[in-house]
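Open the model in your viewer and keep the sequence panel beside it. The tour goes from one selection to the next, with a short note on what is there.

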Amino acid sequence: MLPTPSTSHVNYDHIYEPSEDSYLLLDTLASPTETAFLRSQSPADSPSPLVLEVGTGSGVVLAFATAHAGLIFGRSDILTLGIDVNPFACDATRQTALLAVKEAWGAQQASGVFLDGVCSDLTAVMKPRSVDVLIFNPPYVPTANLPSPPEKYDADASGSSFDRDLYLSSLATDGGVEGMEITHRLLAQLPSVLSRRGIAYILLCAGNKPEQVMGSIRNWPTPHDGGGVWLAEKVSSSGKKAGWEKLGVIRIWRSEAQG
Amino acid sequence: MKLLTLNFLTCARKQCKSTAAAFPLHPKEAELEQVEIDVNPLFIKNMLPRLDWEAMKVLTQELGLPNLPAETPAAEELANEDGEPSQTLKDLHILLMETSIATGKLACGNCGHEYAVKEGIANFLLPSHMV
Ligand SMILES: [Zn+2]
């Protein structure tokens with residue numbers, strides 16, 4: 001087991017605390033099947049892959065991927081970028097990633113290059129077809145409504161605000177109908193944001209009806225740029241419920257073009 | 001935020017997404033800072049094919065930084081004959097990896113919207129009427 005990045009500097013009043021879902025993503029990225037798959041999609045000496053995490057929170061997952069780039073991707077020349085809608089999370093992600101990279105250097109491990117944490121609504125700001133590996137731990141809890149900002153909402157305001165913190169915390173967890181409202185928006189962006197060799201890892205819970213989600217992805221139209229068909233598989237899970245375990249990670253990618 | 005990050009970003013508005021003018025975003029009133037990082041020659045070599053060289057030339061010009069060569073340097077130009085990193089590689093490292101925008105704005109060339117950069121973090125969230 002690779003060491004988990006330190007997040008002791010993170011203020012959990014308004015930033016999602018690393019939990020079972022975060023750790024499942026770490027385990028998934030470091031698993032033998034996924035490290036082999038990542039290496040086959042972006043072999044050493046191919047152009048440097050861009051790894052984007054959407055909804056970084058504390059930054060623990062992205063920091064892990066950056067610090068252990070050599071072990072996970074088989075190369076140190078990877079770039080990592082974090083996006084969050086919460087400015088506090090962008091700042092925390094930067095700190096967590098830079099700290100983890102520094103520790104990796106100290107341990108003489110091959111770590112990647114952390115670019116930045118930026119504030120954006122999902123991948124709205126990304127250049128089309130730029131992302132080679134996308135990681136998303138969504139707000140997946142089924143809720144009656146999506147959170148709405150408190151009156152006079154100002155994310156930049158310093159000091160503490162109970163309403164603001166409550167809002168930012170629920171943004172990280174509340175997923176609306178079937179817990180899928182935000183994930184559906186992200187899925188709709190994948191065909192334009194992923195590169196030809198792009199892979200997306202998305203965490204889902206049983207309430208998200210993951211089999212149905214994967215079924216609909218497999219029916220996405222064949223992309224014009226470079227062909228191939230969309231594939232989706234469950235690559236890891238945790239929890240002990242029958243059938244689809246409590247939490248799971250699905251991998252989404254494109255097959256080789258058909259001759 | 002690092003200059004290299006701008007290689008991957010466009011304006012966040014839907015109407016701008018497919019226009020060439022929305023890339024790259026143009027730094028305004030930018031305060032730059034230099035963050036020292038160890039040189040990784042492999043990284044620069046494998047990063048080069050991903051760089052939009054024209055966009056990088058525009059950025060360096062607008063920021064008043066030393067001009068880039070007209071064309072993307074070839075892989076051979078990155079190392080001297082003795083195998084040590086060349087000046088070209090060192091210059092690219094400083095530009096891409098170490099040069100960051102600490103504060104300022106990033107303007108879209110299509111719609112003119114300006115995004116703020118504060119303490120090195122860019123904010124691309126839009127008010128709901130602009131999405
Ligand atoms: Zn625009």
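Which element gives the most to the lining of the second largest pocket? Helix α5(A) does, with six residues. Keep in mind on every stop that this is a predicted model.

**Stop 1: the second largest pocket**

Begin with the space itself, which amounts to about 660 Å³. Its lining has 30 residues; select Leu98(A), Val101(A), Phe114(A), Lys2(B) and Ile37(B), the closest to the centre of the pocket. Then colour the elements that give two or more residues to this lining: α5 (87–106) and β3 (113–119) of chain A, and α3 (87–98) of chain B. By residue type, the lining divides into 14 nonpolar, nine polar and seven charged.

**Stop 2: the nonpolar cores**

Next, select Met126(A), Leu134(A), Leu190(A), Ile252(A), Leu4(B), Leu106(B) and Phe124(B). Within the largest nonpolar core, which has 70 residues, these touch the most other members. Centre the view on Met126(A) and look for its contacts beyond four places in sequence. On the chain A side they are Leu50(A), Leu52(A), Leu81(A), Ile83(A), Val131(A) and Val193(A). From chain B, Met126(A) touches Phe8(B), Leu9(B), Thr10(B) and Lys17(B). Another core, of 32 residues, lies apart from the largest one; its members include Ile78(A), Ala97(A), Val133(A) and Leu203(A).

**Stop 3: two helices of chain A**

Select residues 60–67 of chain A, which form helix α3. How many of its eight residues are buried? The count is eight of eight, so the helix is mostly covered. Those buried residues are Val60(A), Val61(A), Leu62(A), Ala63(A), Phe64(A), Ala65(A), Thr66(A) and Ala67(A).

Move on to helix α7 of chain A, residues 181–193, and pick out Thr183(A). Is Thr183(A) buried or exposed? Its relative accessible area is 0%, so Thr183(A) is buried. Setting aside neighbours within four places in sequence, show Phe136(A), Pro138(A), Ile202(A) and Leu204(A), with which Thr183(A) is in contact.

**Stop 4: cysteines**

Select Cys205(A), which is in strand β5 of chain A, residues 194–205. Cys205(A) has 11% relative accessibility and therefore counts as buried, since the cut-off for buried is under 20%. Now add Trp105(A) and draw a line between the two C-alpha atoms. Cys205(A) and Trp105(A) are 100 residues apart in sequence, and the line is 35 Å long.

Switch to chain B and select Cys16(B), which counts as buried because its relative accessibility is 0%. Cys108(B) is also buried, at a relative accessible area of 5%. A disulfide is a covalent bond between the sulfur atoms of two cysteines. How many disulfides does the structure hold over all chains? The number is zero.

**Stop 5: chain B as a whole**

Finish by hiding chain A. Chain B has three helices and four strands, and along the sequence they follow the pattern β-α-α-α-β-β-β. Rotate the view along the principal axes: the C-alpha trace of chain B spans about 60 × 30 × 25 Å. Chain B has 131 residues, and 47% of them count as buried. Last, consider contacts in chain B between residues at least 6 apart in sequence: 67% of these join residues at least 24 apart.

Terms used: Residues are numbered from 1 along each chain as its sequence is written. Chains are lettered from A and ligands numbered from 1 in the order in which they are written. This is a predicted model: local features need pLDDT of at least 70, side-chain atom pairs count only at pLDDT 80 or more; totals for chains, interfaces and linings use all residues. Side-chain values use heavy atoms; hydrogens and water are left out. A disulfide is a pair of cysteine sulfur atoms within 2.5 Å. Buried means under 20% relative accessible area, exposed over 50%, partly exposed in between (1.4 Å probe, protein chains only). On a 1 Å grid over the protein atoms alone, a cavity is a set of points where a 1.4 Å probe fits but cannot get out, and a pocket is an open set with protein on both sides within 12 Å along at least five of seven lines; lining residues have an atom within 4 Å of a point. Grid points are joined across faces, edges and corners, and a volume is the space filled by probe spheres set on the points. Ala, Val, Leu, Ile, Met, Phe, Trp, Tyr, Cys and Pro count as nonpolar, Asp, Glu, Lys and Arg as charged, and the others, Gly among them, as polar. A nonpolar core is a set of buried Ala, Val, Leu, Ile, Met, Phe, Trp, Tyr and Cys residues joined through side-chain atoms within 4.5 Å. Contact means heavy atoms within 4.5 Å.
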